[in-house]
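Biologist: Please give me a close look at the sheet of this model, strand by strand, and then at what is packed around it. I would like one connected account rather than a list.

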Amino acid sequence: MIIYIAGPITGVENYQENFAKVERELIKEGHKVLNPAILPQGMGDLKKYMQICLPMIEAADAVVMLPGWEKSLGANREYGYALGLCKTVTEVCCLEAPI
């Protein structure tokens with residue numbers, strides 16, 4: 001299964017590790033993972049990132065939401081987009097490293 005990871009990035013100091021931890025677990029389970037946290041910083045505003053991330057969601061079979069996604073404008077947009085495409089959306093309940 002191809003899984004996209006969505007979650008808060010802006011203002012989260014350790015966001016890359018949060019995404020990487022979930023990515024490692026999903027890969028261990030045999031999934032292919034689309035991780036937006038590997039995109040370079042400083043490309044511009046949210047719109048630029050969504051131009052890349054929304055097609056990634058289209059290519060995915062499912063979306064995993066990281067803790068705190070509810071407070072992220074980008075993750076909320078990704079959540080609604082995934083639901084609109086009838087993707088399976090699940091939430092990660094916790095991470096060992098605090099967000």
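**The sheet and its surroundings**

Modeller: Strand 1 and strand 3 pair in parallel, and four bridges join them. The model is a predicted one, and everything that follows should be read in that light. Within this pairing, Tyr 4 has Val 63 of strand 3 as its bridge partner. Val 63 in turn has a bridge partner in strand 4, namely Val 89, and strand 3 and strand 4 also run parallel, held together by four bridges. Taken as a whole, the sheet is open and consists of four strands in the order 2-1-3-4, with parallel pairing. Strand 2 and strand 4 (88-91) are its edges, each with pairing on one side only. On average, and with direction ignored, neighbouring strands are turned by 25° against each other. Helix 2 packs on this sheet, where it touches strand 1, strand 2 and strand 3, and its direction makes about 145° with that of strand 1.

Strand 3 repays attention residue by residue. In a regular strand, side chains alternate between the two faces of the sheet. Here Ala 62 and Val 64 lie on one side and Val 63 and Met 65 on the other, and since all of these are buried, both faces of strand 3 are covered.

The edge formed by strand 2 offers another view, through Lys 32, which lies in that strand. Lys 32 counts as exposed because its relative accessibility is 60%, above the 50% cut-off. Leaving aside residues up to four places away in sequence, Lys 32 touches Met 1, Ile 2 and Ile 3. Lys 32 and Gln 16 are separated by 16 residues in sequence, and their C-alpha atoms are 18 Å apart in space.

Gln 16 falls within helix 1 (residues 15-28), whose 14 residues should span 20 Å at 1.5 Å a residue; the end C-alpha atoms are in fact 20 Å apart, so the expected and computed spans agree. The buried residues of helix 1 are Tyr 15, Asn 18, Phe 19, Ala 20, Val 22 and Leu 26, and they pack against strand 1 (2-6), strand 2 (32-34) and strand 3 (62-65). Helix 1 is followed by Gly 30, which has a positive phi near 95°.

In helix 2 (residues 46-59) one finds Leu 54, which counts as buried because its relative accessibility is 17%, under the 20% cut-off. From Leu 54 to Thr 88 the separation is 34 residues in sequence and 15 Å in space, C-alpha to C-alpha.

Helix 3 (residues 73-84) has twelve residues and reaches 17 Å from its first C-alpha to its last, close to the 16 Å expected at 1.5 Å a residue. Gly 74, Ala 75, Glu 78 and Ala 82 are the residues of helix 3 that are buried. They cover an arc of only 95° around the axis, and therefore lie on the same side of helix 3. An α-helix has 3.6 residues a turn, so residues three or four places apart point the same way. The buried residues of helix 3 pack against strand 1, strand 3 and strand 4, and also against helix 2. On the face of helix 3 turned away from this buried side are the exposed residues Leu 73 and Gly 84.

The loop between helix 3 and strand 4 contains Cys 86. Just after helix 3, this Cys 86 takes a positive phi of about 60°. Most residues other than glycine have a negative phi, whereas Cys 86 has a positive value although it is a residue other than glycine. Cys 86 counts as exposed because its relative accessibility is 71%, and Cys 93 is likewise exposed, since its relative accessible area is 72%. A disulfide is a covalent bond between the sulfur atoms of two cysteines; with sulfur atoms required to lie within 2.5 Å, the count of disulfides comes to zero.

How values were computed
Residues are numbered from 1 along each chain as its sequence is written. This is a predicted model: local features need pLDDT of at least 70, side-chain atom pairs count only at pLDDT 80 or more; totals for chains, interfaces and linings use all residues. Side-chain values use heavy atoms; hydrogens and water are left out. Helices (H or I, at least four residues) and strands (E, at least two) are DSSP runs, numbered from the N terminus. Buried means under 20% relative accessible area, exposed over 50%, partly exposed in between (1.4 Å probe, protein chains only). The expected span of a helix is 1.5 Å times one less than its number of residues. Contact means heavy atoms within 4.5 Å. Two strands pair if DSSP finds at least two bridges between them. Axes are lines fitted to C-alpha atoms, for helices over the stretch in contact, and angles run from 0 to 180 degrees between N-to-C directions. The arc is that of the directions from the helix axis to the C-beta atoms.
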